[in-house]
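Work through the exercises below with the model open beside you. Try each task before you read its solution.

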Amino acid sequence: MDEGIENLISARNLLKASVEKSKALSLSLEKSGPRLTEIHQRLPSLEVAIRPIRAEREALNAVGGHINRAVVPAAAVLKVFDAIHGLEKSLSDPLHDLPGYLGVLKRLQEALRFLGDNCGMAIQWLADIVEYLEDHKVADEWFISGLKNALNNLRELEKGEEKGFLDGGLFESALDRLENEFKRLLTENSVPLPMSSPTLPGENPCIAPSPLPMAVIQKLQTILSSLIANGRLEKCVSIYIEVRSSIVRASLQALDLDYLEISVSEFNNVASIEAYISQWGKHLEFAVKHLFEAEYGLCNTVFDKMGIDLWKSCFGKIAAQAGILAFLQFGKTVTESKKDPIKLLKLMDIFASLSNLRLDFNRLFGGAPCAEIQNLTRDLIKRVIEGACEIFWELLLQVELQRHNPPPFDCSIPRVVSFITDYCNKLLGEDYKPILTQILVIERSWKNEKYKEGILLDELLNLVKAIELNLEKWAKGYEDAASSYLFLMSNHWHLYKYLKGTKLGFLLGDSWLKEHEQYKEYYSNIYVRESWGRLPPLLSREGLILFSGGRGTARNLVKQRLKSFNEAFDDMYKKQGSLVITENDLREKVIGVVVQTIVPVYRSYMQNYGALVEQDQKYAKYTAQSLEKMLSSLFQPKAVKNGGLKAK
C-alpha cells in the first residue's frame, strides 16, 4: 500500500515537472517568435549582400591571397592615419608652448608625408583586387562598379587639391592656429606710439625706442619659417601688413590729419589753408623720420631671411595704406588751387619739405616695390616746380596789369605797392631765396637752358621799376594836381621808409633810396603850395592899413576877404578831408606844415581886424584854435579791406 502511494506521488511529481517544462518551453517559444520573425525578415537582405560574391569555393579560395596582399599596405596606411590623429592630443597651445607646438607640428608633417607617399601604393593594390574580381567574375557587375567608384574617389583625394586633407584636415588646422598666433603676437605687441607733434622750437616728440620687443620678433621669425615652408607666405605678409598699417594709422591720428582730405573746392585760395600747409611739412617730416623709418627697420628685421624684395614690398604696402599717399595727395591739391603770389610761397614751403626729406624718401621708398609712392612724389615735385615758376614769371605782368586800374580815391598807398615791396623782401630772404633759385635752376634744366646768375635779382628789380611806372600813371589819374602831389609824396616816402635797411633796399642802392626821400620832400612842398598855400593870400591886408575911407569901408573889405577865405577853406577842407596819409610820421609832419601855413596868418589877421566883424559870426566863422583842431584831424587812415595782387 505504502509502495503504491509512493509510486503515485512520484508519478504526480513527474507529471507536474513535465507540465512546468511545457510551460517554460511554451514561454520560450513565445519569446523566440519575434526573433525568428526578425531573422526571417533579414534573410532577403543578407541574401542580397552575399549574392555579389556568390561563387564556387575554388574561386573564393584563390582570391584570398590577393586580398591579403592588398590589405597589408592599406592597414599600414590606416595605422599611420591613427597615429596622426593621436598627435592631435599632443598639439599644445602655441601661446603657452611655441617650441613644443612646432615640434609636434613637425612630426605631424612627417607622418602626413608618409601617408601621402604610401596612400597611392595602397590604392593601387586595392585596384588590382577589383580588377581580379572583375576578371574572374567573383562578384557581380553592380558590386564591382561600386568598388571602382570608391577607388576613383580615393585617387582624386590623393592626387587633387584635397591631398592635404588625407589626415582629415588636422595639419591645415594646426597651421591655421599658428597663423592666429602670428597675428596675436603682432596685434598685442603693436601699440600706437605715444607721440605728439612738437609745439615749441627745439622740442622733440615722444617716440617709443622700438616698435616690437626683440623676443617677440624672434617668435615671429620662428613662426614665419614654419608657415612659409608650408606655402603660407602670402597669408603671413597679408596679416603683417594689415596689423602694422593699422598701427601706423592709429599713431598718425594723434596729429589730427583731417586736413589732408581737404579738396580744392573747400577753400578759396592758398592763404585760407596757409596754416595747414605749415603743419603738413612738420607732420610729413615727423611721419617719415620716425614712423616710417621705424616700420622700414622692423620689416627688414622680421623678413630679412626672405629677401630684400619681399620686405621692401611689405614696407611699401604698409606705408601706402598707413597714410603716405594722403600726404602726397594734399600737396597735389595745393598745386591745383588758384594762382596767386601767396601760393608761390607755399609751393616753395612744400618744395623745401620734400627737398629736406629727399634722402629719406630715396632710401625708404626706392625700388620697384614702392613705385606708386615714387611716381606720386615725382609728380608732386614736378607740379610744385612748374606752378611756382609760372606764378613767379607772371608777377611782372600782374603788376603791369594793375597800372590800368584807377588810383586810390583817398591818395593812400595802393595795396600792390606795399605788397610787392614786402613780397620781394621775402623772396630775397634766407628762407626763400635759395629755394626759389633751386627751383629756377631745375626749371631751366628741364628746358635744356642754362641758368643765368642774377636772373632772380633782375626780375625783382623789374617789379620795383614796374611799381614806379604804375605810380606815375596813377598820379595822372587825379583831377586836381594837389591830390596827385599828395599821392606821390606818400608813395615815395613809403618806398624809402620800408625799403631802407632791407635786402631789396640794399639791392636798389643808397642813391635810389635817397632819390625817393628827396621826391617826398619835393612833392610835399608842392602839395602844400598848390593846396593850403593858396589860402593865406586871401587874407590880404592891402588897403586896410593905408585906407582912408573910414571904418565902414574897412569893415566891408574884411568881410569880403574873410568870406573868400571861409569859402576857400571849407572847399579845401571838404576836398582834403577824404584824403589819407598812411604813415604817422609823414602825416604829422604834413599837418604841422599846413597848420603853420594857415593858422598863424589867420590868428594875426583876426587879432588886427576881427573886431570889425566880431558881432557877425557869418564872417568870424572860425577861431585860430578851431582851425588848428580841424586841420589836425586831416589825413587820418580809414578802416580798409584786405586786398592783394592776384595772378590771373
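**Exercise 1. Decide whether Cys-236 and Cys-411 are buried or exposed, and look for disulfides.**

Step 1. Cys-236 has 0% relative accessibility, so Cys-236 counts as buried. Buried means under 20% relative accessible area, exposed means over 50%, and partly exposed lies in between, with a 1.4 Å probe and protein chains only.
Step 2. Cys-411 also comes out at 0%, so Cys-411 counts as buried.
Step 3. A disulfide is a covalent bond between the sulfur atoms of two cysteines. The search here asks for a pair of cysteine sulfur atoms within 2.5 Å. Over the whole structure it finds zero disulfides.

Keep the ground rules in mind: this is a predicted model, local features need pLDDT of at least 70, side-chain atom pairs count only at pLDDT 80 or more, and totals for chains, interfaces and linings use all residues. Residues are numbered from 1 along each chain as its sequence is written, and side-chain values use heavy atoms, with hydrogens and water left out.

**Exercise 2. Take stock of the chain: how many helices and strands does it have?**

Step 1. Count the elements: there are 22 helices and zero strands. Helices (H or I, at least four residues) and strands (E, at least two) are DSSP runs, numbered from the N terminus.
Step 2. Check burial: 41% of the 648 residues are buried.
Step 3. Check contacts, meaning heavy atoms within 4.5 Å. Among contacts between residues at least 6 apart in sequence, 82% join residues at least 24 apart.

**Exercise 3. Find the largest nonpolar core and follow two of its residues.**

Step 1. A nonpolar core is a set of buried Ala, Val, Leu, Ile, Met, Phe, Trp, Tyr and Cys residues joined through side-chain atoms within 4.5 Å. The largest one has 157 residues. Helix H8 (residues 274-302) gives the most to this core, with 12 residues.
Step 2. Tyr-240, Phe-292, Phe-365, Trp-532 and Phe-635 have the most contacts inside the core.
Step 3. Start from Trp-532. Beyond four places in sequence, its contacts include Phe-569, Met-572, Tyr-573, Leu-631 and Phe-635.
Step 4. Move to Phe-635, in the segment after helix H22 (624-632). Phe-635 is buried at 1% relative accessibility. Its phi is positive, about 65°, although it is not a glycine. Most residues other than glycine have a negative phi.

**Exercise 4. Which way do H14 and H16 run relative to each other?**

Step 1. The axes of H14 (residues 415-428) and H16 (residues 455-475) come within 11 Å and cross at roughly 170°. Axes are lines fitted to C-alpha atoms, for helices over the stretch in contact, and angles run from 0 to 180 degrees between N-to-C directions.
Step 2. H14 and H16 are therefore roughly antiparallel. Angles under 35 degrees count as roughly parallel, over 145 as roughly antiparallel, 65 to 115 as roughly perpendicular and the rest as oblique.
Step 3. List the partners: among them are Val-416, Ile-420 and Cys-424 in H14, and Leu-457, Ile-467 and Trp-474 in H16.

**Exercise 5. Is Val-558 buried or exposed, and what does Val-558 touch?**

Step 1. Val-558 sits in helix H20 (residues 551-576). At 0% relative accessibility, Val-558 is buried.
Step 2. Leaving out residues up to four places away, Val-558 touches Leu-544, Tyr-605, Tyr-609, Leu-612 and Val-613.
Step 3. Val-558 and Tyr-605 are 47 residues apart along the chain, and their C-alpha atoms are separated by 9.4 Å.
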